[in-house]
Amino acid sequence: MKKNAKKSSEPDTGFSDMAKIADGLADVLGDTYVLTIKTHACHWNVVGPQFYSIHKLTEDQYGDLFAAADELAERIRALGHFAPANMKALADHAAMSEGKESPDAEELVEGLVASHENISRRLHDLISVAEKGGDAVTADLATERAAFHEKAAWMLRAMVAG
């Protein structure tokens, strides 16, 4: 093998800032796991007149979040980096807090709304980094995820409006 040749396991994507993009994906992955747990906990613990509606909506949302974690981790790997592989590493990348425990439906939903809005902002930042680095695949993935989070926040906000 030539001295400066790439190993076959290293991606040759032609775009720059792969480490920065992979780190941004890891940040979103950490937040995705925290939000998955928060959403699942809301699903389990919500009480009140909107129980069924919130219970059903959060079930759909945590399913989507769990699937998204796999997509995000696989994109990190496609960039030649390792995805966070344990809870501490995921937590180190997460910017959002777990939130407090409460059975109050409105409080739980408002916490989820704020979390979806926060992760959406992180995804918009990642879109900019990916586009600047010429990584259209990551930009598309982040755009798709941002759309999910913005819709989720809207649907949750609508449940407690009034």
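**A walk through an all-helix model**

Let's start with one residue: Asp70 has a relative accessibility of 43%, so it counts as partly exposed, a label for anything between buried (under 20% relative accessible area) and exposed (over 50%), with a 1.4 Å probe and protein chains only. Before going on, note that this is a predicted model, where local features need pLDDT of at least 70, side-chain atom pairs count only at pLDDT 80 or more, and totals for chains, interfaces and linings use all residues. Residues are numbered from 1 along each chain as its sequence is written, and side-chain values use heavy atoms, with hydrogens and water left out.

Now zoom out. The protein has five helices and zero strands, where helices (H or I, at least four residues) and strands (E, at least two) are DSSP runs numbered from the N terminus. Along the sequence that reads α-α-α-α-α. The C-alpha trace spans about 70 × 25 × 20 Å along its principal axes, and 42% of the 162 residues count as buried.

Back to Asp70, which sits in helix H2. Asp70 belongs to a negative surface patch, together with Glu71, Glu74, Glu131, Asp140 and Glu144. To qualify for a patch, a residue needs over 30% relative accessible area and no salt bridge; like charges are joined within 9 Å, and nonpolar side chains (Val, Leu, Ile, Met, Phe, Trp, Tyr) within 5 Å. A salt bridge, in turn, is a side-chain nitrogen of Lys or Arg within 4 Å of a carboxyl oxygen of Asp or Glu. Which helices supply at least two residues of the patch each? They are H2 (51-78) and H5 (136-160), with H2 giving the largest share, three residues.

Staying on H2, we also meet Glu59. With a relative accessible area of 33%, Glu59 is partly exposed too. Its C-alpha lies 10.0 Å from that of Thr36, and the two residues are 23 apart in sequence.

Follow the chain out of H2 and you get to Asn86, in the loop between H2 and helix H3 (87-93). Asn86 is partly exposed, because its relative accessibility is 43%. What does the side chain of Asn86 have 2.8 Å from one of its polar atoms? That would be the backbone nitrogen of Ala89. For a longer view, try Asn86 and Ala146: they are 60 residues apart along the chain, and their C-alpha atoms are separated by 24 Å.

Key
Accessible areas come from the Shrake-Rupley method with a 1.4 Å probe; for residues, only the protein chains shown count as cover. Lys and Arg count as positive and Asp and Glu as negative; His and the chain ends are not counted. The place of a charge is taken as NZ of Lys, CZ of Arg, CG of Asp or CD of Glu. A polar contact is a pair of N or O atoms within 3.5 Å; within protein, one must be able to donate a hydrogen and the other to accept it, and residues adjacent in sequence count only if both atoms are side-chain atoms.
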